[in-house]
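Trainee: I have a model open and would like to go through it with you. Can we start with a single residue and then work outwards?
Mentor: Gladly; put it on the screen and ask away.

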Amino acid sequence: MTSKKINVAVIGLGNMGKHHVRNYSNIPNANLIAVCDLQENLTAQFAQQYKIKGYTNLDEMLLNESIDAVSITVPTALHYTIAKKILNHKINVLIEKPICDSIEKSEELLNLAKQHNVTLMVGHIERFNPAVQKLKELIDAGALGKITSLISKRVGAFPAQIKDANVIIDLAVHDIDIFSYMLNKQPDNIYANAGRALIDGREDYAELLLTYGDQNGMIQVNWITPIRIRQLAVTGTKGYAELNYMTQELKLYESNYHEDHDDFGDFIIKFGTPNEKIIPIEKKEPLNEELSHFIDCVIKKKPPLITGQAGLTALKTALCAMDLMNINTKKPIKS
């Protein structure tokens with residue numbers, strides 16, 4: 001029996017869009033049939049390379065092609081307009097994070113997806129990182145005990161392709177989603193501080209503190225660090241874990257301690273050398289895992305790992321942080 005194939009199109013051929021096209025072309029149940037972008041040279045290039053149709057007009061593509069699912073990989077400001085049109089054509093949608101630039105627009109998209117009974121998935125790609133999946137498995141199994149804190153660092157140089165978002169919407173939203181995924185809950189308090197060091201008009205560095213009852217999450221993001229770092233550290237009552245998103249490496253340090261008393265009879269805890277483990281990870285491309293999952297959800301009509309609601313929840317936290325943050329807009333003093 002031949003597996004069902006889903007006709008797929010990609011809208012937006014920028015930094016992420018080109019990788020969506022590449023991956024769809026290699027996913028067995030995906031039948032990549034078209035791409036759409038305002039730049040004719042790009043659509044022509046991809047059409048020739050992948051033997052598909054290229055369009056510069058979205059309405060024309062929707063009229064001429066029989067499409068089951070699309071990836072929307074355009075700038076955030078265009079997510080709502082394009083997704084609304086696609087959903088009204090009763091086509092399944094994967095939107096790159098964040099889902100939209102406002103809560104109201106996001107809620108409308110959720111309602112449209114429900115109304116037309118189609119899948120709406122948000123591309124929070126880090127959930128599909130094999131190291132993240134393994135860490136989630138370890139946390140759920142109690143390997144770290146009760147989690148007390150999560151600390152993430154997502155920094156690097158300014159990305160020229162980002163035209164309409166600040167570091168909180170573009171970067172911190174990843175970690176906001178991952179923290180909620182790891183803890184199975186949403187933050188009850190949000191604190192933020194941000195500034196504009198090198199860019200006018202948009203925040204290029206920020207620190208967020210999220211509290212989840214007696215558990216804390218700290219997020220550092222910026223576009224001013226000369227090297228690219230993507231790391232997560234998790235502390236629990238039974239151990240500590242370090243994760244590198246880029247190399248997909250995961251280290252676990254199991255605590256070795258016992259209760260004792262000092263020379264004065266006071267209670268103390270003595271720590272011995274921790275048991276260090278390098279957790280074996282089968283490395284995979286997270287985007288391929290994400291898109292394969294999306295196609296599988298469309299075929300089986302099952303909810304995706306990152307629903308539209310999950311994307312909306314992460315956006316709400318990011319927007320709340322932006323409303324609360326103390327923004328430093330002064331340029332650094334040059335010596």
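Trainee: Is His79 buried or exposed?
Mentor: Bear in mind that this is a predicted model. In it His79 has a relative accessibility of 0%, so His79 counts as buried, the cut-off being under 20%.

Trainee: Where does His79 sit, and what is it in contact with, leaving aside its neighbours within four places in sequence?
Mentor: His79 lies in helix 4, which covers residues 79–88. Leaving aside neighbours within four places in sequence, its contacts are Ile72, Val74, Ile95, Glu96, Lys97, Pro98, Ile99 and Cys100.

Trainee: Pro98 is on that list, so to speak; what is the peptide bond from Lys97 to Pro98 like, cis or trans?
Mentor: That bond is cis, with omega near -10°, and Pro98 itself is found in the loop between strand 5 and helix 5 (103–116). As a general background, most peptide bonds are trans, and most residues other than glycine have a negative phi.

Trainee: Which residues other than glycine have a positive phi here?
Mentor: Asn117 is one of them, with a phi of about 55°, and Lys301 is another, with a phi near 50°. Asn117 lies in the loop between helix 5 and strand 6, whereas the place of Lys301 is in the loop between helix 8 (286–300) and helix 9 (308–324).

Trainee: And are they buried or exposed?
Mentor: Asn117 counts as exposed because its relative accessibility is 63%, and Lys301 is exposed as well, with a relative accessible area of 68%.

Trainee: Changing topic to the sheet: how many strands form it, and in what order?
Mentor: Six strands form an open sheet with parallel pairing, in the order 3-2-1-4-5-6. Strand 3 (53–55) and strand 6 (120–123) stand at the edges with a single partner strand each, so one side of each has no neighbour in the sheet. On average, and with direction ignored, neighbouring strands of this sheet are turned by 25° against each other.

Trainee: What joins strand 1 to the strands beside it?
Mentor: Strand 1 (residues 6–11) is joined to strand 4 (residues 69–72) by four bridges and to strand 2 by six bridges, and it runs parallel to strand 4 and to strand 2. Val8 shows both pairings: Val8 stands opposite Ala69 in strand 4, while its bridge partner in strand 2 is Leu32.

Trainee: And how many bridges join strand 2 to strand 3?
Mentor: Three bridges join that parallel pair, and within it Val35 stands opposite Gly54 in strand 3. The chain gets from strand 2 to strand 3 through helix 2 (residues 40–50), in a right-handed β-α-β crossover.

Trainee: What about helix 1, where does it go?
Mentor: Strand 1, helix 1 and strand 2 make a right-handed β-α-β unit. Helix 1 (residues 17–24) packs on the sheet, where it touches strand 1, strand 2 (30–36), strand 4 and strand 5 (92–96), and its direction makes about 160° with that of strand 1. Strand 2 is mostly covered, with six of its seven residues buried.

Trainee: Which residues have the most contacts inside the largest nonpolar core?
Mentor: That core has 103 residues, and those with the most contacts inside it are Ile11, Tyr24, Ile72, Ile86 and Leu135. Helix 7 (residues 167–183) gives the most to this core, with twelve residues. Not counting residues up to four places away in sequence, Tyr24 touches Val8, Val10, Ala30, Leu32, Ser71, Leu291, Phe294 and Ile295.

Trainee: Where is Asp68, and how far in space is it from Ile91?
Mentor: Asp68 is in the loop between helix 3 (58–64) and strand 4. From C-alpha to C-alpha, Asp68 and Ile91 are 5.4 Å apart, although they are 23 residues apart in sequence. With a relative accessible area of 29%, Asp68 is partly exposed.

Trainee: Last one: where does pLDDT stay under 50?
Mentor: It stays under 50 over residues 327–335, for which the model has 15 contacts beyond four places in sequence. The protein chain averages a pLDDT of 92, and 90% of the residues score at least 70.

Methods: Residues are numbered from 1 along each chain as its sequence is written. This is a predicted model: local features need pLDDT of at least 70, side-chain atom pairs count only at pLDDT 80 or more; totals for chains, interfaces and linings use all residues. Side-chain values use heavy atoms; hydrogens and water are left out. Two strands pair if DSSP finds at least two bridges between them. Helices (H or I, at least four residues) and strands (E, at least two) are DSSP runs, numbered from the N terminus. Axes are lines fitted to C-alpha atoms, for helices over the stretch in contact, and angles run from 0 to 180 degrees between N-to-C directions. Contact means heavy atoms within 4.5 Å. Buried means under 20% relative accessible area, exposed over 50%, partly exposed in between (1.4 Å probe, protein chains only). A crossover is right-handed if, with the strands pointing away from the viewer, the path from the first strand over the helix to the second runs clockwise. A nonpolar core is a set of buried Ala, Val, Leu, Ile, Met, Phe, Trp, Tyr and Cys residues joined through side-chain atoms within 4.5 Å. pLDDT is the predictor's confidence in each residue, from 0 to 100.
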